[in-house]
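Here are a few exercises to work through with the structure open beside you. Take each task on your own before reading its solution.

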Amino acid sequence: MSNSRRQFLQKSMVGGLACSASPSLLHSAKPASHDIRLAVSTYSYWHFRTAKFPIEQVIDEAAELGLSGVDILHRQMESEDIRYMNKLKKHAFTRGVDLISLSIHQDFVSPDKKEREVAIEHTKHCIELAYQMGIPSIRLNSGRWGTVPSFDELMAKRGVEDPIEGYTNDDAFEWCINSIQECLPKAEERGVILALENHWGLTSTPEGLLRIRKAIDSEWMGILLDTGNFLENPYDKLEMVAPYADFIQAKTYYGGGEWYTLDLDYDRIFKILREAGYKGYVSIEFEGKEEAKSGMRKSVEMLQKAINA
């Protein structure tokens, strides 16, 4: 990645933000040695298993923890009403917190062109939602074959599934690349980076993730690197992707993970990020079974220590 492109993306993703740090947790929300800012995903307070946790309350939690940003899970939004979105934007501003990403769900892996078109239109729609809320990035999925019926079963199989009979992974990569390219003009128009995550399916390996990224020549195409989505040999894989990362999500598992637990060495991970020259947001995705407030407090303390190591 060129220095000019990295600087461009950093300015788009980070911008200027003064946040109010909680003295009990953080001496400084912006470490002097490297410009990495901690944020939180709203998913940390809602794992699809209970009633939705209000995003406004996540913003309040972020401010109290001294975090710089909030990464909104689209499915956790109360509505797409403009008054609601403006309310979130105003609430974040008044609490000194940036809205940094909109994590959406869509699936480009289908032999049915009409299904892919639905996913493309959904992605364009979510670009508009992000633009309305002043959010500079959306999380993309590549999609997956769906030959493993449930997500719980997919996790039991370590994220591995076979293609639909009669098709290959090469077909799926072509569908995904072409679909993302159709979304890019809207992303450029609205100034929203499309950050493709290592999130099962085609992007469950570094090779698959980078195959898509390198096929698309656009400064509005990026990568979201999730520390907990490479289930085997994570450090070697994180090291492969880190030089291309524009946004990081950091998994933590206090109380044991909802689907699995990884014993991640964040001192080692932040060393990888520093060596790759990463400067930007690290959004905490607390996925443990411990109560979210205490799990998040532990996560912030642990990650801040690792950042400053």
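**Exercise 1.** In this predicted model, decide whether Tyr-266 and Phe-270 are buried or exposed, and then work out how their rings are arranged.

*Solution.* Start with accessibility: Tyr-266 is buried, and Phe-270 is too. Next, look at the rings, which form a tilted aromatic pair with 6.1 Å centre to centre and 40° between the planes. The angle explains the label, because tilted covers planes that are neither under 30 degrees apart nor over 60. Finally, check the positions along the chain: the two residues are four apart in helix H9 (residues 266-275), so about one helical turn separates them.

**Exercise 2.** Find the buried residues of H9 and say where they lie around the helix axis.

*Solution.* First, list them: Tyr-266, Ile-269, Phe-270, Ile-272 and Leu-273. Now view H9 down its axis; these buried residues fall within an arc of 150°, so they line one face of the helix. Then ask what they pack against. Their partners are strand E1 (36-41), helix H8 (234-241), strand E7 (247-252), strand E8 (280-286) and helix H10 (292-307).

**Exercise 3.** Inspect what lies at the N-terminal end of H9 and what follows the helix.

*Solution.* At the N-terminal end, Asp-265 acts as the cap, with a side-chain oxygen 3.2 Å from the backbone nitrogen of Asp-267. After the helix comes Gly-277, which has a positive phi, near 80°.

**Exercise 4.** How many residues of E7 are buried, and which strands does E7 join?

*Solution.* Begin with the count: six of the six residues of E7 are buried, so the strand is largely enclosed by the rest of the structure. Next, sort them by face. In a regular strand, side chains alternate between the two faces of the sheet. Here Phe-247, Gln-249 and Lys-251 lie on one side, with Ile-248, Ala-250 and Thr-252 on the other, and all are buried. Now turn to the neighbours. Strand E6 (residues 221-226) runs parallel to E7 and is joined to it by three bridges; Leu-224 stands opposite Phe-247. E8 also runs parallel to E7, with five bridges between them, and Glu-285 in E8 is the bridge partner of Lys-251.

**Exercise 5.** Which rings have the charged end of an arginine over them?

*Solution.* Take each arginine in turn. The charged end of Arg-190 sits over the ring of Tyr-131, 4.2 Å from its centre. Arg-211 lies over the face of Phe-173, at 4.1 Å from the ring centre.

Note on methods. Residues numbered from 1 in each chain as written. Predicted model: local features only at pLDDT ≥ 70, side-chain atom pairs only at ≥ 80, totals over all residues. Heavy atoms only, no water. Phe/Tyr/Trp six-rings, centres within 6.5 Å; stacked < 30°, edge-to-face > 60°. Buried < 20%, exposed > 50% of the residue type's maximum accessible area, 1.4 Å probe, protein only. Lys NZ or Arg CZ within 6 Å of the ring centre and 35° of its normal. Arc of directions from axis to C-beta. Contact = heavy atoms within 4.5 Å. Polar contact = N/O pair within 3.5 Å; in protein donor to acceptor, adjacent residues only side chain to side chain. Pairing = 2+ DSSP bridges.
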